[in-house]
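Here are my notes for a colleague opening this entry for the first time. Please keep the model on screen and go through the points in order.

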Amino acid sequence: MEKKLSSSNFRRAAFSLGAKTFWRIPGAFDIARVLGPDYSLRCVVFHHISAKDLPFTHGINVRTSPEEFEMALAFIAANYTPVRLDDVLDAGRKLPSRPMLVTFDDAYASVADIAAPLCKKYRIPAVFFVNAAPLDNQMFAADNLVCYAARMHGMTALNAAAREAVRPPTTELCSLAEVFNVFFPALTLDERRA
């Protein structure tokens with residue numbers, strides 16, 4: 001069965017492709033400066049650096065292979081000026097030409113094991129945003145728990161959980177993208193916990 005691409009998914013894919021292309025063109029910063037001074041800083045975010053998806057990340061597109069990550073760092077080091085968060089937050093300091101801020105969301109273990117040593121190798125400062133809730137494996141982050149449930153038990157299990165958590169029951173969820181882009185944002189915090 002052929003799956004049709006919705007107009008919102010098409011727009012998102014087209015914007016993503018355009019942004020990836022714009023990021024690499026030589027005159028990108030000159031074009032951005034014409035738009036205004038607020039557009040001079042570039043920021044790139046990574047999550048999980050691993051050769052393969054784990055059941056906890058499968059389906060949310062947060063994995064970058066170590067080889068891809070090292071190539072990205074080499075590209076950044078050769079074409080941009082990596083900056084520290086302090087440089088960005090210091091309103092009185094002028095940023096260097098072609099500034100790039102490298103960040104990591106969620107602080108997966110791979111960030112400490114793989115990413116940090118590679119950032120050090122390429123002399124690229126990075127910002128690590130740590131979600132404290134899952135520390136010491138006391139609790140899973142909601143996105144990781146949903147990915148695990150979908151990978152191990154399928155969308156049927158996620159739909160059953162959604163029907164239990166939300167009254168009146170929601171419409172049938174067909175994909176993880178729908179769970180994260182439509183269902184989760186509509187939930188209250190209490191509904192998310194449930």
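1. Start with Cys 174. This is a predicted model, and in it Cys 174 is exposed, with a relative accessible area of 58%. Cys 119 is the contrast: its relative accessible area is 4%, and that makes it buried, because the cut-off for buried is under 20%. How many disulfides does the structure hold? The count is zero.

2. Next, the overall layout. The protein chain has eight helices and six strands. Read from the N terminus, the order is α-α-β-β-β-α-β-α-β-α-β-α-α-α. Two helices thus open the order, and three helices close it.

3. Some totals for the protein chain. It has 194 residues, and 29% of them are buried. The accessible surface comes to about 12900 Å². Carbon and sulfur atoms account for 59% of that surface. Now take contacts between residues at least 6 apart in sequence: 55% of these join residues at least 24 apart.

4. Now look for the cores. In soluble globular proteins, nonpolar side chains tend to be buried together. Here the largest nonpolar core has 17 residues. Those with the most contacts inside it are Val 146, Leu 158, Leu 176, Val 179, Phe 183 and Phe 184. Two elements give two or more residues to this core: helix H6 (142–165) and helix H7 (176–183). Which of them gives the most? H6 does, with seven residues.

5. Leu 176 deserves a closer look. Set aside its neighbours within four places in sequence. Leu 176 is then in contact with Val 146, Cys 147, Ala 150, Met 155 and Leu 158, and also with His 58 and Gly 59. There is also a second, separate core, of 15 residues. Among its members are Val 44, Ala 115, Leu 118 and Cys 119. The buried cysteine of point 1, Cys 119, therefore reappears here, at 4% relative accessible area.

6. Helix H3 spans residues 66–79, so check its geometry and its two sides. H3 has 14 residues and reaches 20 Å from its first C-alpha to its last. That is close to the 20 Å expected at 1.5 Å a residue. Which residues of H3 are buried? They are Pro 66, Phe 69, Leu 73 and Ile 76. These four cover an arc of only 85° around the axis, so they sit on the same side of H3. An α-helix has 3.6 residues a turn, so residues three or four places apart point the same way. Glu 67, Met 71 and Ala 78 are exposed on the other side of H3.

7. Step back to Ser 65. Ser 65 lies in the loop between strand E3 (63–64) and H3. Is this loop residue buried or exposed? Ser 65 counts as buried, because its relative accessibility is 10%. Leaving aside neighbours within four places in sequence, Ser 65 is in contact with Ile 49 and Ser 50.

8. Last, Pro 82. This residue lies in strand E4 (residues 81–82). Pro 82 counts as partly exposed, because its relative accessibility is 23%. Beyond neighbours within four places in sequence, Pro 82 is in contact with Ile 76, Met 100, Ile 124 and Pro 125. Ile 76 is one of the buried residues of H3. Pro 82 and Arg 123 are 41 residues apart along the chain, and their C-alpha atoms are separated by 8.4 Å.

How values were computed: Residues numbered from 1 in each chain as written. Predicted model: local features only at pLDDT ≥ 70, side-chain atom pairs only at ≥ 80, totals over all residues. Heavy atoms only, no water. Expected span 1.5 Å × (residues − 1). Buried < 20%, exposed > 50% of the residue type's maximum accessible area, 1.4 Å probe, protein only. Arc of directions from axis to C-beta. Core = buried A, V, L, I, M, F, W, Y, C linked by side-chain atoms within 4.5 Å. Contact = heavy atoms within 4.5 Å. Disulfide = S-S within 2.5 Å. Areas by Shrake-Rupley, 256 points an atom, 1.4 Å probe, with all protein chains shown as cover.
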